[in-house]
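These are comments on the model, set out point by point. They cover helix packing, charged pairs, backbone outliers and a few individual side chains.

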Amino acid sequence: MNLLPLLLRIRGASRLSVLAYHRVLPAQDPLLPGEPFAADFEHRMRWVKANFNVLPLGEAVRALREDRLPGRALSITFDDGYADNHELALPILRRLGLPATFFVATGFLDGGCMFNDVVIEAVRRAGGADLGLGDLGLGRHPLGSDEQRARAIDRILACLKYFEPERRRRVALEIAQRSGSAVPTALMMTSEQVRALHAAGMEIGAHTVTHPILAEIPLGHARHEMDASRARLERITGAPVRLFAYPNGSPRRDYFAEHAALARQLGFDAAVSSAWGAAGPGDDLYQIPRFTPWDRADWRFGLRLAHNAMRSGYACA
(Lines give C-alpha, C1' and ligand atoms only; values in the text may rest on other atoms or scores of the structure.)
Protein backbone atom coordinates (compact mmCIF):
# COMPACT_ATOMS: atom_id res chain seq x y z
CA MET A 1 0.00 0.00 0.00
CA ASN A 2 1.35 3.45 -0.93
CA LEU A 3 1.08 5.59 2.21
CA LEU A 4 2.73 8.67 0.69
CA PRO A 5 -0.51 10.41 -0.42
CA LEU A 6 -1.96 9.96 3.08
CA LEU A 7 1.22 11.22 4.76
CA LEU A 8 1.33 14.26 2.52
CA ARG A 9 -2.34 15.04 3.17
CA ILE A 10 -1.68 14.89 6.90
CA ARG A 11 1.67 16.67 6.93
CA GLY A 12 1.88 18.87 3.88
CA ALA A 13 -1.55 20.02 2.80
CA SER A 14 -1.36 22.98 0.38
CA ARG A 15 2.42 23.10 0.55
CA LEU A 16 4.93 23.18 -2.28
CA SER A 17 7.91 20.82 -2.25
CA VAL A 18 10.79 21.90 -4.51
CA LEU A 19 13.54 19.49 -5.56
CA ALA A 20 16.99 20.91 -6.36
CA TYR A 21 19.48 19.20 -8.65
CA HIS A 22 22.73 20.29 -10.24
CA ARG A 23 23.83 17.54 -12.61
CA VAL A 24 22.67 14.28 -14.16
CA LEU A 25 25.67 12.08 -14.93
CA PRO A 26 25.97 9.40 -17.62
CA ALA A 27 27.20 6.92 -14.98
CA GLN A 28 27.99 6.84 -11.28
CA ASP A 29 31.02 8.91 -10.29
CA PRO A 30 32.71 8.10 -6.95
CA LEU A 31 33.92 11.68 -6.68
CA LEU A 32 30.37 13.02 -7.12
CA PRO A 33 28.35 10.63 -4.94
CA GLY A 34 25.50 13.09 -4.48
CA GLU A 35 24.81 13.52 -8.20
CA PRO A 36 22.34 11.08 -9.81
CA PHE A 37 23.26 9.16 -12.93
CA ALA A 38 20.82 9.05 -15.83
CA ALA A 39 19.06 5.74 -15.06
CA ASP A 40 18.74 6.69 -11.39
CA PHE A 41 17.33 10.11 -12.29
CA GLU A 42 14.78 8.62 -14.69
CA HIS A 43 13.62 6.17 -12.02
CA ARG A 44 13.22 9.01 -9.52
CA MET A 45 11.33 11.18 -12.00
CA ARG A 46 8.93 8.32 -12.81
CA TRP A 47 8.27 7.92 -9.09
CA VAL A 48 7.77 11.67 -8.65
CA LYS A 49 5.32 11.78 -11.53
CA ALA A 50 3.32 8.91 -10.03
CA ASN A 51 3.09 10.50 -6.59
CA PHE A 52 2.98 14.29 -7.05
CA ASN A 53 1.29 17.05 -8.98
CA VAL A 54 4.38 18.38 -10.75
CA LEU A 55 4.09 22.07 -11.65
CA PRO A 56 6.41 24.53 -13.36
CA LEU A 57 7.85 26.63 -10.55
CA GLY A 58 6.39 29.84 -12.00
CA GLU A 59 2.91 28.32 -12.05
CA ALA A 60 3.37 27.01 -8.51
CA VAL A 61 4.38 30.50 -7.35
CA ARG A 62 1.22 32.00 -8.84
CA ALA A 63 -0.87 29.29 -7.17
CA LEU A 64 0.80 30.00 -3.83
CA ARG A 65 0.14 33.71 -4.19
CA GLU A 66 -3.53 33.05 -4.93
CA ASP A 67 -3.90 30.26 -2.32
CA ARG A 68 -4.97 27.66 -4.87
CA LEU A 69 -2.05 25.22 -4.72
CA PRO A 70 -3.14 21.63 -5.41
CA GLY A 71 -2.36 18.85 -2.99
CA ARG A 72 1.02 17.11 -3.30
CA ALA A 73 2.41 19.98 -5.35
CA LEU A 74 6.05 19.69 -6.37
CA SER A 75 8.46 21.56 -8.66
CA ILE A 76 11.79 20.38 -10.09
CA THR A 77 14.77 22.72 -10.35
CA PHE A 78 18.38 22.61 -11.53
CA ASP A 79 21.16 25.02 -10.59
CA ASP A 80 24.25 26.38 -12.37
CA GLY A 81 23.77 25.43 -16.02
CA TYR A 82 25.59 22.16 -16.66
CA ALA A 83 25.57 20.77 -20.20
CA ASP A 84 24.21 17.45 -18.95
CA ASN A 85 21.03 19.31 -17.99
CA HIS A 86 20.39 19.63 -21.71
CA GLU A 87 22.02 16.40 -22.87
CA LEU A 88 20.70 13.95 -20.26
CA ALA A 89 18.06 15.54 -18.02
CA LEU A 90 16.01 17.20 -20.76
CA PRO A 91 15.31 14.01 -22.78
CA ILE A 92 14.16 12.24 -19.61
CA LEU A 93 11.92 15.12 -18.58
CA ARG A 94 10.42 15.40 -22.05
CA ARG A 95 9.83 11.66 -22.27
CA LEU A 96 7.92 11.77 -19.00
CA GLY A 97 6.14 15.06 -19.72
CA LEU A 98 7.62 16.78 -16.66
CA PRO A 99 8.41 20.51 -16.42
CA ALA A 100 11.51 21.87 -14.71
CA THR A 101 13.21 25.18 -14.02
CA PHE A 102 16.89 25.67 -14.86
CA PHE A 103 18.75 28.39 -12.94
CA VAL A 104 21.79 29.41 -15.00
CA ALA A 105 24.96 31.20 -13.90
CA THR A 106 25.58 33.02 -17.17
CA GLY A 107 29.28 33.77 -16.78
CA PHE A 108 30.16 30.12 -17.40
CA LEU A 109 28.15 29.57 -20.58
CA ASP A 110 29.92 28.81 -23.86
CA GLY A 111 33.10 27.18 -22.58
CA GLY A 112 33.45 28.50 -19.03
CA CYS A 113 34.03 26.43 -15.92
CA MET A 114 32.91 26.99 -12.35
CA PHE A 115 35.59 27.07 -9.65
CA ASN A 116 34.24 23.94 -7.95
CA ASP A 117 34.64 21.89 -11.13
CA VAL A 118 38.18 23.15 -11.58
CA VAL A 119 38.90 21.76 -8.11
CA ILE A 120 37.01 18.50 -8.63
CA GLU A 121 38.92 17.68 -11.80
CA ALA A 122 42.22 18.74 -10.21
CA VAL A 123 41.69 16.38 -7.27
CA ARG A 124 40.60 13.63 -9.66
CA ARG A 125 43.87 13.89 -11.60
CA ALA A 126 46.28 14.71 -8.78
CA GLY A 127 49.13 12.21 -8.34
CA GLY A 128 50.83 11.34 -5.10
CA ALA A 129 49.57 10.26 -1.71
CA ASP A 130 48.24 13.66 -0.72
CA LEU A 131 47.59 17.20 -1.89
CA GLY A 132 49.21 19.97 0.12
CA LEU A 133 47.36 23.29 -0.01
CA GLY A 134 48.34 24.75 3.35
CA ASP A 135 49.96 27.81 1.81
CA LEU A 136 46.61 28.54 0.13
CA GLY A 137 44.73 28.27 3.41
CA LEU A 138 43.16 24.96 2.43
CA GLY A 139 45.12 22.34 4.40
CA ARG A 140 46.57 18.97 3.35
CA HIS A 141 44.42 16.16 2.00
CA PRO A 142 45.15 12.41 1.64
CA LEU A 143 44.32 11.00 -1.79
CA GLY A 144 44.81 7.27 -1.32
CA SER A 145 41.30 6.22 -2.36
CA ASP A 146 38.23 7.53 -4.15
CA GLU A 147 36.58 8.06 -0.77
CA GLN A 148 39.51 10.18 0.41
CA ARG A 149 39.47 12.19 -2.81
CA ALA A 150 35.72 12.81 -2.42
CA ARG A 151 36.26 13.97 1.16
CA ALA A 152 39.14 16.20 0.02
CA ILE A 153 36.86 17.83 -2.55
CA ASP A 154 34.19 18.48 0.07
CA ARG A 155 36.66 20.00 2.54
CA ILE A 156 38.38 22.20 -0.02
CA LEU A 157 35.15 23.52 -1.51
CA ALA A 158 33.53 24.12 1.87
CA CYS A 159 36.23 26.72 2.51
CA LEU A 160 37.02 27.93 -0.99
CA LYS A 161 33.46 28.92 -1.90
CA TYR A 162 33.58 31.69 0.71
CA PHE A 163 36.74 33.28 -0.71
CA GLU A 164 36.34 36.62 -2.47
CA PRO A 165 35.32 35.73 -6.06
CA GLU A 166 38.57 36.78 -7.79
CA ARG A 167 40.72 35.12 -5.13
CA ARG A 168 38.51 32.03 -5.39
CA ARG A 169 39.12 31.86 -9.14
CA ARG A 170 42.89 32.31 -8.79
CA VAL A 171 43.20 29.69 -6.05
CA ALA A 172 41.15 27.15 -8.03
CA LEU A 173 43.43 27.65 -11.03
CA GLU A 174 46.50 27.26 -8.80
CA ILE A 175 45.17 23.94 -7.50
CA ALA A 176 44.66 22.79 -11.09
CA GLN A 177 48.18 23.82 -12.04
CA ARG A 178 49.69 21.94 -9.10
CA SER A 179 47.71 18.85 -10.04
CA GLY A 180 48.59 19.03 -13.73
CA SER A 181 44.89 19.29 -14.56
CA ALA A 182 43.45 21.13 -17.54
CA VAL A 183 40.45 23.36 -16.89
CA PRO A 184 37.34 21.69 -18.39
CA THR A 185 35.67 23.64 -21.20
CA ALA A 186 32.64 21.47 -21.99
CA LEU A 187 30.92 21.00 -18.63
CA MET A 188 28.58 23.97 -18.91
CA MET A 189 25.82 24.67 -21.41
CA THR A 190 26.17 26.75 -24.51
CA SER A 191 23.80 29.62 -25.16
CA GLU A 192 22.15 27.49 -27.82
CA GLN A 193 21.47 24.73 -25.29
CA VAL A 194 19.82 27.22 -22.94
CA ARG A 195 17.72 28.40 -25.88
CA ALA A 196 16.80 24.78 -26.62
CA LEU A 197 15.68 24.19 -23.02
CA HIS A 198 13.39 27.20 -23.28
CA ALA A 199 12.08 26.07 -26.68
CA ALA A 200 11.29 22.67 -25.14
CA GLY A 201 8.97 24.36 -22.64
CA MET A 202 11.32 24.47 -19.68
CA GLU A 203 11.60 27.55 -17.46
CA ILE A 204 14.88 29.46 -17.34
CA GLY A 205 15.82 31.30 -14.16
CA ALA A 206 18.68 33.62 -13.19
CA HIS A 207 21.49 32.46 -10.89
CA THR A 208 23.91 35.44 -11.07
CA VAL A 209 26.81 35.82 -13.50
CA THR A 210 29.79 34.45 -11.57
CA HIS A 211 28.02 32.53 -8.75
CA PRO A 212 29.32 34.64 -5.83
CA ILE A 213 28.14 34.20 -2.28
CA LEU A 214 25.93 37.30 -2.17
CA ALA A 215 26.54 37.84 1.54
CA GLU A 216 30.26 38.22 0.81
CA ILE A 217 30.02 41.01 -1.77
CA PRO A 218 28.72 44.62 -1.68
CA LEU A 219 25.00 45.02 -2.27
CA GLY A 220 25.60 47.03 -5.45
CA HIS A 221 27.72 44.21 -6.84
CA ALA A 222 24.99 41.72 -5.89
CA ARG A 223 22.44 43.82 -7.78
CA HIS A 224 24.63 43.75 -10.88
CA GLU A 225 25.15 39.98 -10.64
CA MET A 226 21.42 39.34 -10.37
CA ASP A 227 20.30 41.82 -13.02
CA ALA A 228 23.04 41.08 -15.57
CA SER A 229 22.37 37.36 -15.34
CA ARG A 230 18.69 37.90 -16.06
CA ALA A 231 19.41 40.31 -18.91
CA ARG A 232 21.67 37.86 -20.71
CA LEU A 233 19.20 35.00 -20.31
CA GLU A 234 16.42 37.17 -21.71
CA ARG A 235 18.58 37.96 -24.73
CA ILE A 236 19.27 34.25 -25.23
CA THR A 237 15.68 33.07 -24.87
CA GLY A 238 13.80 36.12 -26.08
CA ALA A 239 11.47 35.77 -23.10
CA PRO A 240 11.12 37.30 -19.61
CA VAL A 241 13.09 35.64 -16.81
CA ARG A 242 10.93 35.80 -13.70
CA LEU A 243 12.67 33.51 -11.19
CA PHE A 244 15.96 33.69 -9.26
CA ALA A 245 18.05 31.24 -7.21
CA TYR A 246 20.54 32.42 -4.57
CA PRO A 247 24.02 30.90 -5.08
CA ASN A 248 24.64 28.30 -2.41
CA GLY A 249 21.40 29.57 -0.89
CA SER A 250 21.68 29.18 2.88
CA PRO A 251 19.69 31.97 4.62
CA ARG A 252 21.72 34.26 6.90
CA ARG A 253 24.95 32.68 5.68
CA ASP A 254 24.92 32.95 1.90
CA TYR A 255 22.31 35.69 1.52
CA PHE A 256 20.48 38.10 3.79
CA ALA A 257 17.03 39.68 3.95
CA GLU A 258 18.39 42.61 1.92
CA HIS A 259 19.05 40.23 -0.99
CA ALA A 260 15.50 38.89 -0.84
CA ALA A 261 14.30 42.50 -0.90
CA LEU A 262 16.61 43.14 -3.86
CA ALA A 263 15.12 40.23 -5.79
CA ARG A 264 11.70 41.77 -5.27
CA GLN A 265 12.92 45.25 -6.28
CA LEU A 266 14.46 43.88 -9.47
CA GLY A 267 11.07 42.51 -10.50
CA PHE A 268 11.53 38.78 -10.04
CA ASP A 269 8.33 36.94 -9.19
CA ALA A 270 10.05 34.66 -6.68
CA ALA A 271 13.42 33.38 -5.50
CA VAL A 272 14.54 30.04 -4.10
CA SER A 273 16.98 29.18 -1.34
CA SER A 274 18.58 25.93 -0.20
CA ALA A 275 16.86 25.91 3.20
CA TRP A 276 14.96 22.73 3.97
CA GLY A 277 11.21 22.94 4.11
CA ALA A 278 8.18 23.47 1.91
CA ALA A 279 6.35 26.68 1.02
CA GLY A 280 2.75 27.38 1.94
CA PRO A 281 0.27 30.22 1.42
CA GLY A 282 1.54 33.39 3.06
CA ASP A 283 5.19 32.35 3.07
CA ASP A 284 7.85 34.64 1.62
CA LEU A 285 7.95 33.93 -2.12
CA TYR A 286 11.47 35.38 -2.26
CA GLN A 287 12.76 32.69 0.09
CA ILE A 288 11.12 29.50 -1.17
CA PRO A 289 12.85 26.50 0.43
CA ARG A 290 14.13 23.51 -1.52
CA PHE A 291 14.91 20.00 -0.34
CA THR A 292 16.06 16.86 -2.18
CA PRO A 293 16.24 13.66 -0.10
CA TRP A 294 19.47 11.72 -0.52
CA ASP A 295 17.85 8.30 -0.11
CA ARG A 296 17.90 5.82 -2.99
CA ALA A 297 14.96 3.70 -1.83
CA ASP A 298 11.60 5.09 -2.95
CA TRP A 299 9.91 4.61 0.42
CA ARG A 300 12.67 6.41 2.32
CA PHE A 301 12.78 9.21 -0.26
CA GLY A 302 9.02 9.63 0.09
CA LEU A 303 9.03 9.49 3.87
CA ARG A 304 11.71 12.16 4.08
CA LEU A 305 9.82 14.38 1.62
CA ALA A 306 6.63 13.98 3.65
CA HIS A 307 8.46 14.91 6.84
CA ASN A 308 10.06 17.89 5.12
CA ALA A 309 6.64 19.12 3.97
CA MET A 310 5.85 19.98 7.60
CA ARG A 311 8.67 22.50 7.70
CA SER A 312 8.14 26.10 6.62
CA GLY A 313 11.79 26.59 5.75
CA TYR A 314 14.47 28.63 7.47
CA ALA A 315 14.42 32.20 6.18
CA CYS A 316 16.06 35.54 6.83
CA ALA A 317 14.18 37.86 9.15
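1. Helices and strands are DSSP runs numbered from the N terminus, a helix having at least four residues and a strand at least two. On that numbering, Asp254 is placed in the loop between β8 and α10. The model is a predicted one, and the remarks below should be read as remarks on a prediction.

2. Asp254 is buried, because its relative accessibility is 1% and the cut-off for buried is under 20%. Its side chain makes a polar contact of 2.7 Å with the side chain of Tyr162. Beyond neighbours within four places in sequence, Asp254 is in contact with Tyr162, Ile213, Leu214, Ala215, Pro247, Asn248 and Gly249. Thr292 is not in that list; the C-alpha atoms of Asp254 and Thr292 are 19 Å apart, with the two positions 38 residues apart in sequence.

3. Asn248, one of the contacts of Asp254, sits in the loop between β8 (243–245) and α10 (257–265). Asn248 has a positive phi of about 65° and is not a glycine. With 29% relative accessibility, Asn248 counts as partly exposed.

4. Asp67 also deserves a look at the backbone: its phi is positive, about 55°, although the residue is not a glycine. Asp67 belongs to the loop between α3 (57–65) and β3 (73–80). The relative accessible area of Asp67 is 55%, so the residue is exposed.

5. At what angle do the axes of helix α8 and helix α9 cross? The axes of α8 (residues 191–199) and α9 (residues 219–237) cross at roughly 70° and come within 9 Å. The two helices are therefore roughly perpendicular to each other. On the α8 side the contact is made by Ser191, Val194, Arg195 and His198, and on the α9 side by Arg232, Leu233, Ile236 and Thr237. By residue class, the contact of α8 with α9 comprises three nonpolar, three polar and two charged residues.

6. Arg232, listed above in the contact with α8, also forms a salt bridge with Asp110, the closest N and O atoms being 2.9 Å apart. Asp110 lies in the loop between β4 (101–104) and α5 (115–125), whereas Arg232 is in helix α9, so the pair ties together parts that are 122 residues apart in sequence. Both partners are partly exposed: Asp110 has a relative accessibility of 42%, and Arg232 has a relative accessible area of 25%.

7. A second salt bridge to note in α9 joins the side chains of Arg230 and Asp227, at 2.8 Å from N to O. Arg230 and Asp227 are three residues apart in helix α9 and are therefore separated by about one helical turn. Arg230 is buried at 11% relative accessibility, while Asp227, with a relative accessible area of 33%, is partly exposed.

8. Arg304 and Asp295 are likewise joined through their side chains in a salt bridge, 2.5 Å from N to O. Asp295 is buried, with a relative accessible area of 9%. Arg304 has a relative accessible area of 24% and is partly exposed.

9. How many salt bridges does the rule give? The count is 24. Side chains of opposite charge can pair when their charged atoms come close. Besides the pairs described above, Asp29, Glu121, Arg124 and Arg125 are linked in a network of salt bridges.

10. Is Ser179 buried or exposed? Ser179, in helix α7 (residues 165–179), counts as buried, because its relative accessibility is 11%. The side chain of Ser179 reaches the backbone oxygen of Ala122 at 3.4 Å. With residues up to four places away in sequence left out, Ser179 touches Ala122, Arg125, Ala126 and Leu131. Arg125 is thus a contact of Ser179 and also a member of the salt-bridge network with Asp29, Glu121 and Arg124.

Conventions. Residues are numbered from 1 along each chain as its sequence is written. This is a predicted model: local features need pLDDT of at least 70, side-chain atom pairs count only at pLDDT 80 or more; totals for chains, interfaces and linings use all residues. Side-chain values use heavy atoms; hydrogens and water are left out. Axes are lines fitted to C-alpha atoms, for helices over the stretch in contact, and angles run from 0 to 180 degrees between N-to-C directions. Angles under 35 degrees count as roughly parallel, over 145 as roughly antiparallel, 65 to 115 as roughly perpendicular and the rest as oblique. Contact means heavy atoms within 4.5 Å. Ala, Val, Leu, Ile, Met, Phe, Trp, Tyr, Cys and Pro count as nonpolar, Asp, Glu, Lys and Arg as charged, and the others, Gly among them, as polar. Buried means under 20% relative accessible area, exposed over 50%, partly exposed in between (1.4 Å probe, protein chains only). A polar contact is a pair of N or O atoms within 3.5 Å; within protein, one must be able to donate a hydrogen and the other to accept it, and residues adjacent in sequence count only if both atoms are side-chain atoms. A salt bridge is a side-chain nitrogen of Lys or Arg within 4 Å of a carboxyl oxygen of Asp or Glu.
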